[in-house]
Amino acid sequence: MNVLKQDKRSYILVGILLSTFMAAIEGTVVGPAGPAIISSFGSVSLMSWIFTAYLLTMAVTTPIFGKISDLYGRKPVFLYGSLIFLAGSLLCGLSQNMTQLIIFRAIQGIGAGAVIPVTFTIVGDIYNLEERGKIQGMISSVWGISSLIGPLLGGYFVDYLSWHWIFVFNVPFALLSIWLIFRYFKEERTTREVSIDYGGAALFTVGMTALLFALAVGGGETYSWTSPFMLSLIIGSVVLLLAFLVVESKVKEPMLPLHLFKIRDITLSTVANILVSALIIGLTTYLPLWIQGVRGGNATLSGLTLAPMSIGWLIGSIISGRLIVKSGSRKTAIIGVVFLMIGAVGLAYMHKDTALGVLLVFTFIYGVGFGYISTLFQIIAQSSVGYQVRGASTALNSFIRTFGQTVGVAVFGLWVNAGIAGRLAAEPDAAGITSDDINKLLSPHGIAELPEGSGGLLSGILEGSLNSLFVVMAIMAVICLFIVAAFRNAPPEPEEGTGEAQPSVKS
């Protein structure tokens with residue numbers, strides 16, 4: 001590995017941390033602005049697409065930009081991606097209607113699809129294995145800090161300025177990050193003939209967009225899973241993605257090198273990452289629902305209940321990064337998943353009267369597990385391959401995380417909705433009550449609109465449905481343990497034939 005002078009690496013690291021903060025806080029600062037945006041534009045039915053558009057474009061572009069960074073270098077991808085993200089942010093702040101905002105959020109997602117995986121890849125390029133654990137811990141800390149201050153910052157902007165500011169306040173961070181990487185990160189790449197996988201990129205983009213769109217909108221009143229539109233969308237996406245795999249097995253420079261899955265730890269971490277990412281979205285989405293709908297708390301209490309998870313995440317990521325060098329992938333992963341299992345089983349046994357302090361302990365333990373295992377997956381992606389495919393490997397890990405969250409939120413939503421509908425149908429005293437009344441249960445003003453005496457009944461139905469989901473999440477954590485137990489019992493290192501050659505980096 002060609003090592004930069006320490007001061008230049010420090011400047012590059014600052015640029016990476018700033019770009020990570022920029023992308024991470026954008027995912028948490030938007031939430032409190034939802035009511036204000038609806039107040040400005042209306043279109044409450046489109047509200048979820050402010051988040052879905054960002055998630056979709058980020059998911060489908062992450063592997064594409066990862067491969068481009070392998071072909072043309074990390075620096076140009078980072079710089080162009082940052083500029084796209086910056087342009088999308090400014091346009092979001094200037095939006096005049098909901099349609100514009102959704103389109104501009106999609107542009108933001110494209111930029112994030114370039115920036116987020118490449119920042120991790122640059123870390124893999126300029127730091128050795130022993131150093132990567134510490135640096136990944138710092139990056140994870142940025143994500144944790146963002147999750148804590150993002151909602152508070154978003155609420156401040158909405159209350160005292162305007163929701164438009166949540167999209168433009170990060171412009172100085174973006175500009176400084178762009179300048180630091182442009183100024184201090186120098187790549188010397190060996191000139192070689194490249195073959196762009198246009199067919200694979202097109203098939204993947206259309207096929208994955210169709211699949212994620214189906215997962216985002218399926219199962220509702222507008223599009224049932226058995227409707228001709230949904231069936232056509234799902235079948236079409238499967239056909240396109242199968243065609244993508246065929247193309248990837250034949251082209252010279254595949255967007256997704258399928259030989260990555262010959263590396264045992266990458267294959268195992270890919271499968272486990274889907275489950276872990278689903279657990280993350282399940283906890284952050286449905287624990288607040290429990291706090292407000294079952295315990296009768298408010299939104300502020302929901303946010304405070306998740307705060308220990310962020311703290312635990314920071315601690316777990318720092319320890320994991322150091323432990324993997326000494327103890328290897330298997331032991332580190334097992335420790336992390338054991339924490340996940342304790343947190344998941346604990347929440348599966350909670351009930352309406354469970355003390356709040358107990359919930360805080362379990363969310364903290366959950367967070368430690370997330371920090372352990374997520375950092376490990378990132379290091380495996382970087383360190384199990386050589387330079388020429390490190391970008392694609394790191395991007396694959398980032399994509400799987402987003403994909404797991406997208407699938408998780410769709411499947412868990414179906415599970416909870418089905419549970420509510422089934423319990424309403426089986427409850428004799430629920431005549432005239434619909435699942436829409438659950439929404440009123442979650443609103444301080446809506447409770448007064450509920451039929452007399454139905455509040456306790458609805459709370460019990462919601463409690464049973466959420467409890468069954470937490471049981472499913474506990475089972476998923478146990479399954480993760482069996483998967484990671486098959487990791488190699490050694491620190492990750494590039495295997496033969498994974499592109500070990502690395503161009504120098506100027507000092």
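The following exercises, each with a worked solution, concern a predicted model.

**Exercise 1. The salt bridge**

Task: Identify which residues form the salt bridge, and determine whether each partner is buried or exposed to some degree.

Solution.
Step 1. Side chains of opposite charge can pair when their charged atoms come close. A salt bridge is counted when a side-chain nitrogen of Lys or Arg is within 4 Å of a carboxyl oxygen of Asp or Glu.
Step 2. By this rule, the model has one salt bridge. Its partners are Asp 265 and Arg 488, whose closest N and O atoms are 3.8 Å apart.
Step 3. Asp 265 belongs to helix H11, while Arg 488 belongs to the segment after helix H16 (454–484), so the salt bridge ties together parts that are 223 residues apart in sequence.
Step 4. A residue is buried when its relative accessible area is under 20%, exposed when over 50%, and partly exposed in between. Asp 265 has a value of 1% and is therefore buried. Arg 488 has a value of 21% and is therefore partly exposed.

**Exercise 2. The largest cavity**

Task: State which residues and helices line the largest cavity, and describe the lining by class.

Solution.
Step 1. The model contains two cavities of 30 Å³ or more. The largest cavity holds about 70 Å³ of space.
Step 2. The lining of the largest cavity consists of Ile 266, Ser 269, Thr 270, Asn 273, Phe 377, Ala 381, Ser 393, Leu 396, Asn 397 and Ile 400.
Step 3. Two or more of these lining residues come from each of helix H11 (264–293), helix H13 (356–383) and helix H14 (387–426).
Step 4. By class, the lining has five nonpolar residues, five polar residues and no charged residues.
Step 5. Consider one of the lining residues, Ile 400. This residue lies in helix H14, and it is buried because its relative accessible area is 7%. Between Ile 400 and Val 271 the C-alpha distance is 8.6 Å, although the two are 129 residues apart in sequence.

**Exercise 3. The second largest pocket**

Task: Describe the volume, the lining residues and the contributing helices of the second largest pocket.

Solution.
Step 1. The second largest pocket contains about 370 Å³ of space.
Step 2. Its lining comprises 17 residues, and those closest to the centre are Phe 204, Met 208, Leu 245, Leu 256 and Phe 399.
Step 3. At least two lining residues are supplied by each of helix H9 (198–217), helix H10 (228–248), H11 and H14.
Step 4. Of the lining residues, 16 are nonpolar, one is polar and none is charged.

**Exercise 4. A nonpolar surface patch**

Task: Name the residues of the nonpolar surface patch, then locate Leu 161 and classify its accessibility.

Solution.
Step 1. Tyr 156, Tyr 160, Leu 161 and Trp 165 make a nonpolar surface patch of about 500 Å².
Step 2. Leu 161 is found in the loop between helix H6 (129–160) and helix H7 (165–168).
Step 3. The relative accessibility of Leu 161 is 49%, so this residue is partly exposed.

**Exercise 5. Sequence separation and distance in space**

Task: For Gly 199 and Lys 186, give the location, the accessibility class and the C-alpha distance to a stated partner.

Solution.
Step 1. Gly 199 lies in helix H9 and is partly exposed because its relative accessibility is 38%. Its C-alpha is 9.3 Å from that of Val 251, with 52 residues of separation in sequence.
Step 2. Lys 186 occupies the loop between helix H8 (171–184) and H9. With a relative accessible area of 30%, Lys 186 is partly exposed. From Lys 186 to Arg 74 the C-alpha distance is 9.8 Å, and the pair is 112 residues apart in sequence.

Notes:
Residues numbered from 1 in each chain as written. Predicted model: local features only at pLDDT ≥ 70, side-chain atom pairs only at ≥ 80, totals over all residues. Heavy atoms only, no water. 1 Å grid on protein atoms, 1.4 Å probe; cavity = no way out; pocket = protein on both sides within 12 Å on 5 of 7 lines; lining within 4 Å. Points joined across faces, edges and corners; volume = space filled by probe spheres on them. Helix = DSSP H or I, 4+ residues; strand = E, 2+ residues; numbered from the N terminus. Nonpolar A, V, L, I, M, F, W, Y, C, P; charged D, E, K, R; others polar. Patch = residues over 30% accessible without salt bridge, like charges linked within 9 Å, V, L, I, M, F, W, Y side chains within 5 Å. Areas by Shrake-Rupley, 256 points an atom, 1.4 Å probe, with all protein chains shown as cover. Buried < 20%, exposed > 50% of the residue type's maximum accessible area, 1.4 Å probe, protein only.
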